[in-house]
Amino acid sequence: MSPAAAAPDTAQKLDAAQARVDKLSHKAQTADQRHDKAAAKLTETRKQLRQTAADMRRHQRLIQALQAQVAATAVDAYAGTAGSTAPVSTSSPALDAQVKKDSTALLSNVVLVSQDAGATADALARSNAELGQLAQRKAALQGRLDLLARGEEATRSMERVADTRQAKASATLADLQAKRMAELGGPAVAYAKSKIGNGYVYGAAGPSVFDCSGLTMAAWSQAGVSLPHSSSAQYSSGRHISESELQPGDLVFYYSPISHVGMYIGNGQIVNALNPGAGVVISGLHDMPYVGAVRPGN
């Protein structure tokens, strides 16, 4: 029985683990998108709240200026009225105190000041009304901000949970892939290493002489995995992996366009049918221009 047929349990677990990773990856992506939207709404509401607060400060400064104008107009009107009935002496302490008292009373209720204030009083009334509306808007925005902040924290928590589950599922998948690679790659590596010292003949696939893709094809057939007799075609016959993921049995490819393939055997080394002069030998992983790697049977 071939190693591929001897490990159905690992293969089934691998398929299930891959399906779970795919499902959790989708959930994690959805959680990320929800959090991004919540964070964007929160940022926009904070911006609106800052703008409203700035508008309120501007209206408050305007109201203060208008209050001063209205108060000055009222005081002038008071002084003019008093002057029509009796002389006004700026040196009279009693009169100065009365004017100050009247001015203070006006400032405490500037909207009700005499119509002598005219357009200034109207502008003051409008600014007070707008300030009230801004205060209401600020309160509404603050309530919305509090609600969005809670929502953003909830989506962030969901994002963390989804990412954690995805990471655990990915780790499980990686462990199963390593186990399956050991089950399948072990016989392939053993076969390839057993041919070290054999000759190279273009187009040969054993049992005594090989070319580069013939050796890898024959080796992986020991694990029940069929490969084409072509280095470029073998590059499309499995899952592409990074150099950091390399495990014994993985196929490694060289030159551009691809014209050579070897089998990784660990410790930065490969076994390959190099050329007619060298035959099947062990080479360094980067002795030739490295292009990429493929994991057969996955």
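In the predicted model, helix H5 (residues 212-221) lies across strand S4 (251-254), S5, S6 and S7, and runs at about 45 degrees to S5. Eight of the 10 residues of H5 are buried, so the helix is largely enclosed by the rest of the structure. The buried positions are Cys 212, Ser 213, Gly 214, Leu 215, Thr 216, Ala 218, Ala 219 and Trp 220. Helix H4 (residues 119-194) also lies across strands, namely S3, S5 (260-266), S6 (269-273), S7 and S8, at about 110 degrees to S5.

The strands contacted by these helices belong to an open sheet of six strands, ordered S3-S8-S4-S5-S6-S7 with antiparallel pairing. Strand S3 (239-241) and strand S7 (280-284) stand at the edges; each has a single partner strand, so one side of each is left without a neighbour in the sheet. On average, and with direction ignored, neighbouring strands of the sheet are turned by 35 degrees against each other. At the S3 edge, three bridges join S3 to the antiparallel strand S8 (residues 290-295), and Ile 241 stands opposite Ala 293 in S8.

The largest nonpolar core holds 26 residues, of which Phe 210, Trp 220, Leu 251 and Met 263 touch the most other members. Two or more residues of this core come from each of H4, H5, S4, S5 and S6. The greatest contribution is that of H4, with six residues. Trp 220 is also among the buried residues of H5.

Several loops have backbone features of note. In the loop between S4 and S5, which contains Tyr 255 and Pro 257, a cis peptide bond joins Ser 256 and Pro 257, with omega of about 5 degrees. Phi of Tyr 255 is near 70 degrees, a positive value in a residue other than glycine. Tyr 255 is partly exposed, with a relative accessible area of 34%. A positive phi, near 55 degrees, is found also at Asn 267, again a residue other than glycine. Asn 267 is placed in the loop between S5 and S6 and is exposed, its relative accessible area being 75%. A cis peptide bond also joins Gly 206 and Pro 207, with omega of about 5 degrees. Pro 207 lies in the loop between strand S1 (199-200) and strand S2 (209-210).

The count of salt bridges comes to four. One of them is formed by the side chains of Asp 250 and Arg 295, at 2.9 Å from N to O. Asp 250 lies in the loop between S3 and S4 and Arg 295 in strand S8, so the pair ties together parts that are 45 residues apart in sequence. Asp 250 is buried, at 0% relative accessibility, and Arg 295 is buried as well, with a relative accessible area of 2%. Elsewhere, Glu 152, Glu 153, Arg 156 and Arg 160 are joined into one network by salt bridges that share partners. Within this network, the side chains of Glu 152 and Arg 156 meet at 2.6 Å, N to O; both residues lie in helix H4, four residues apart, about one turn of the helix. Glu 152 counts as buried at 8% relative accessibility, whereas Arg 156 counts as partly exposed at 33%. The side chains of Glu 153 and Arg 160 meet at 3.4 Å, N to O. Glu 153 is partly exposed, at 36% relative accessibility, and Arg 160 is partly exposed, with a relative accessible area of 44%.

Technical notes. Residues numbered from 1 in each chain as written. Predicted model: local features only at pLDDT ≥ 70, side-chain atom pairs only at ≥ 80, totals over all residues. Heavy atoms only, no water. Pairing = 2+ DSSP bridges. Axes fitted to C-alpha atoms, helices over the stretch in contact; angles between N-to-C directions. Contact = heavy atoms within 4.5 Å. Buried < 20%, exposed > 50% of the residue type's maximum accessible area, 1.4 Å probe, protein only. Core = buried A, V, L, I, M, F, W, Y, C linked by side-chain atoms within 4.5 Å.
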